[in-house]
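Please look through the structure shown below before reading on. The paragraphs that follow go from burial to the core, and then to charged and aromatic pairs.

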Amino acid sequence: MWVTADGGIRQELRADGRYDEARGNRPSAYTGRYTVTGSHLHYVDDSGFTATGEVREGVLYHEHLVLRREEERRT
C-alpha cells in the first residue's frame, strides 16, 4: 500500500496489474490497471483517463502526489 504523508490517499498496486485508490473516506475512489516499465508506471483508470507515475529512491511520484509505502510512513 502506498500512502500520502497525511494518509488521505491510499493506493494499492496489486500483483495482478490492477490498482485501487482510496481518497479520504471514499474506498475505491479510482480503480483501473497499471503497467510498470523500469521505474515508470502507466495507469489506465476504468473510466478511461490515463496517468503516470515514477518510483525514485523508494518514493512513488504519481502526477502531483508523493506516496510512500505505508510501513515506511509510520516510522
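A residue is called buried when its relative accessible area is under 20%, exposed when that value is over 50%, and partly exposed in between. The model is a predicted one, and within it Glu21, at 2% relative accessibility, therefore counts as buried. Its salt-bridge partner is Arg23, with the closest N and O atoms 2.7 Å apart, and Arg23 itself counts as partly exposed because its relative accessibility is 25%. Glu21 also takes part in a polar contact of 2.7 Å, which joins its side chain to that of Gln11.

Gln11 belongs to strand E2, which spans residues 9–13, and with a relative accessible area of 0% this glutamine is buried. Once residues up to four places away in sequence are set aside, Gln11 touches Met1, Trp2, Asp20, Glu21, Tyr43, Leu60, His62 and Leu67. Several of these names return in the description of the core.

The largest nonpolar core consists of 10 residues, namely Trp2, Ile9, Tyr19, Tyr34, Leu41, Tyr43, Ala51, Leu60, Leu65 and Leu67. At least two residues of this core come from strand E5 (40–45), and at least two from strand E8 (65–69). Leu67 gives a view of the surroundings of one core member: leaving aside its neighbours within four places in sequence, Leu67 is in contact with Trp2, Val3, Thr4, Ile9, Gln11, Val59, Leu60 and His62.

The aromatic residues can be taken next. A pair of aromatic rings is described by the distance of the centres and the angle of the planes. The structure holds 2 aromatic pairs. In one of them, the ring centres of Tyr19 and Tyr43 are 5.1 Å apart and the planes stand at 85°, so that the arrangement is edge-to-face. Because Tyr19 lies in strand E3 and Tyr43 in strand E5, this pair ties together parts that are 24 residues apart in sequence. Both Tyr19 and Tyr43 are buried. Tyr30 and Phe49 also form an edge-to-face pair, since their planes are at 85°, with the ring centres 5.8 Å apart. This second pair links distant parts of the chain, for Tyr30 is in strand E4 (residues 26–37) and Phe49 is in the loop between E5 and E6, 19 residues apart. Here Tyr30 is partly exposed, with a relative accessible area of 29%, and Phe49 is likewise partly exposed, with a value of 41%.

How many salt bridges does the structure hold? There are 4 salt bridges, and the one between Arg23 and Glu21 has already been met. Another joins Asp46 and Arg18, whose closest N and O atoms are 2.8 Å apart. That pair links distant parts of the chain, with Asp46 in the loop between E5 and strand E6 (50–56) and Arg18 in strand E3 (residues 18–23), 28 residues apart. Asp46 is partly exposed, with a relative accessible area of 48%, and Arg18 is partly exposed as well, at 27%. In a further salt bridge, the side chains of Arg14 and Asp16 meet at 2.7 Å, N to O; Arg14 is partly exposed, with a relative accessible area of 33%, whereas Asp16 is exposed, at 52%.

Arg56 is found in strand E6 and, at 40% relative accessibility, counts as partly exposed. Its charged end sits over the ring of Tyr61, 4.0 Å from the centre of that ring, and a polar contact of 3.5 Å joins the side chains of Arg56 and Glu54. Arg56 can also be placed relative to His40, from which it is 16 residues away in sequence and 9.3 Å away in space, C-alpha to C-alpha.

The backbone adds a final topic. Ser28, which is found in strand E4, has a phi near 55°, a positive value in a residue other than glycine, and with a relative accessible area of 41% this serine is partly exposed. Glu57 is not a glycine either, yet its phi is positive, at about 50°. Glu57 lies in the loop between E6 and strand E7 (59–62), and at 85% relative accessibility Glu57 counts as exposed.

Methods
Residues numbered from 1 in each chain as written. Predicted model: local features only at pLDDT ≥ 70, side-chain atom pairs only at ≥ 80, totals over all residues. Heavy atoms only, no water. Core = buried A, V, L, I, M, F, W, Y, C linked by side-chain atoms within 4.5 Å. Buried < 20%, exposed > 50% of the residue type's maximum accessible area, 1.4 Å probe, protein only. Helix = DSSP H or I, 4+ residues; strand = E, 2+ residues; numbered from the N terminus. Contact = heavy atoms within 4.5 Å. Polar contact = N/O pair within 3.5 Å; in protein donor to acceptor, adjacent residues only side chain to side chain. Phe/Tyr/Trp six-rings, centres within 6.5 Å; stacked < 30°, edge-to-face > 60°. Lys NZ or Arg CZ within 6 Å of the ring centre and 35° of its normal.
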